[in-house]
Amino acid sequence: MVALHPTVVVSGATGAIGSATAAVLARRGARVIVLSRPSDRLNALVDRLGGDDNRISSVPVDLSSMSSVRAGAREINRAGGHIDALLNVAAVFLRDYNKTSDGFELMLATNYFGPFLLTNLLRDRLVGGGRVITVAAPSNTRIDMERLFAKKRFDALHTFGATKALDLMFTFELARRAKRWDVMSNAFHPGLVRSELMREAARPIRFLAGLASGSAHRPAQDLVELAISPAHAGTTGWFFKGTRRIDPPKSAADEAVQAAIWQRTAELVEMEIGGF
Ligand SMILES: NC(=O)c1ccc[n+]([C@@H]2O[C@H](COP(=O)([O-])OP(=O)(O)OC[C@H]3O[C@@H](n4cnc5c(N)ncnc54)[C@H](OP(=O)(O)O)[C@@H]3O)[C@@H](O)[C@H]2O)c1
């Protein structure tokens, strides 16, 4: 059963894919809760999509800060009501090593730890049919947590690739854990999309990506389809490119590794009882 005005939480809604997705959701009558760092472009987005009916609201969240994630989740939880879908879209690519106040490397915090904690903290509002969709990529980077924590071994593309592989592993482990709450978890690869995401990448990478990238319009339509269409109400544990199921890289498909990484992550973000 899909609500007439489903409630959908979207992170990264000021970005290329997130803003296109929020716009499609708004047109389809969804209540959209936009999570983002406060900015003029966030205000402009809410004004643009909001109209007069209060269906678009925003909650300030910096996904790189676990205390900000906790505060954002508290605000969403206080509002109450069922969340029909949580779309983990936000991500960042940074050329240089940056350490957050929690002691994490910044890409790892924003692209993986933040969404992991947020999703777990929203569990009780997703219960009973909620869909979590995490935007990832078919990354075959092997995960070595110790390496990811070692500043001396930092390599921006390796860390970024690792965050996308971690997003896949998180998705599949969540799908198994969340079954008892009737919550679905899938990953989504948008294909190459024109955006500012890789603006700090080396020029040849940006050049090649620019040649191959397309508009965010199609992936946004597909993401909304997965988020609110009755056809995908029970789908869980899948990796999608568009609305087509694809195989994840083998390196992200090992269930024992997924479970171990989940456990380690829960410890690192100090997740209290109450998560999945
Ligand atoms: N573009 C592609 O070709 C491609 C391919 C495969 C997968 N993807 C995935 O698609 C997703 C969206 O990418 P995009 O291309 O749309 O990127 P984008 O345009 O750069 O958008 C990134 C979004 O992440 C948000 N963000 C960054 N740091 C944040 C933080 N600390 N806290 C909260 N939000 C933060 C940004 O918001 P603010 O800066 O306004 O806070 C922005 O809304 C990402 O997960 C990416 O890995 C993209």
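Strands S4 (residues 85–88) and S5 pair in the parallel sense, with 4 bridges between them. This pairing, like everything described here, is taken from a predicted model. Within it, Leu 86 has Val 132 of S5 as its bridge partner. S5 also runs parallel to strand S6 (residues 184–189), and 5 bridges join the two. In that pairing, Val 135 stands opposite Phe 188 of S6.

S5 itself spans residues 131–135, and 5 of its 5 residues are buried, so the strand is largely enclosed by the rest of the structure. The side chains divide by direction: Arg 131, Ile 133 and Val 135 point one way from S5, while Val 132 and Thr 134 point the other way. Residues on both sides are buried, Arg 131 and Thr 134 included.

The next feature is the ligand. Its surroundings comprise 32 residues, of which the closest are Gly 12, Gly 15, Ala 90, Ala 91 and Ser 195. Helix H1 (residues 16–27) gives the most to this shell, contributing 3 residues. Sorted by class, the shell holds 15 nonpolar, 12 polar and 5 charged residues.

A contrast to the buried strand is found at Gly 234, which sits in the loop between helix H9 (217–228) and strand S7 (239–241). Is Gly 234 buried or exposed? Gly 234 has 10 C-beta neighbours inside 10 Å, and therefore counts as exposed, since the cut-off for that class is 12 or fewer. Between Gly 234 and Ser 57 there are 27 Å in space, C-alpha to C-alpha, and the two are 177 residues apart in sequence.

Note on methods: Residues are numbered from 1 along each chain as its sequence is written. This is a predicted model: local features need pLDDT of at least 70, side-chain atom pairs count only at pLDDT 80 or more; totals for chains, interfaces and linings use all residues. A residue is buried if 20 or more other C-beta atoms lie within 10 Å of its own, exposed if 12 or fewer, and partly exposed in between; C-beta atoms are placed from the backbone. Two strands pair if DSSP finds at least two bridges between them. A residue is near a molecule or strand if its C-beta atom, placed from the backbone, lies within 6 Å of it. Ala, Val, Leu, Ile, Met, Phe, Trp, Tyr, Cys and Pro count as nonpolar, Asp, Glu, Lys and Arg as charged, and the others, Gly among them, as polar.
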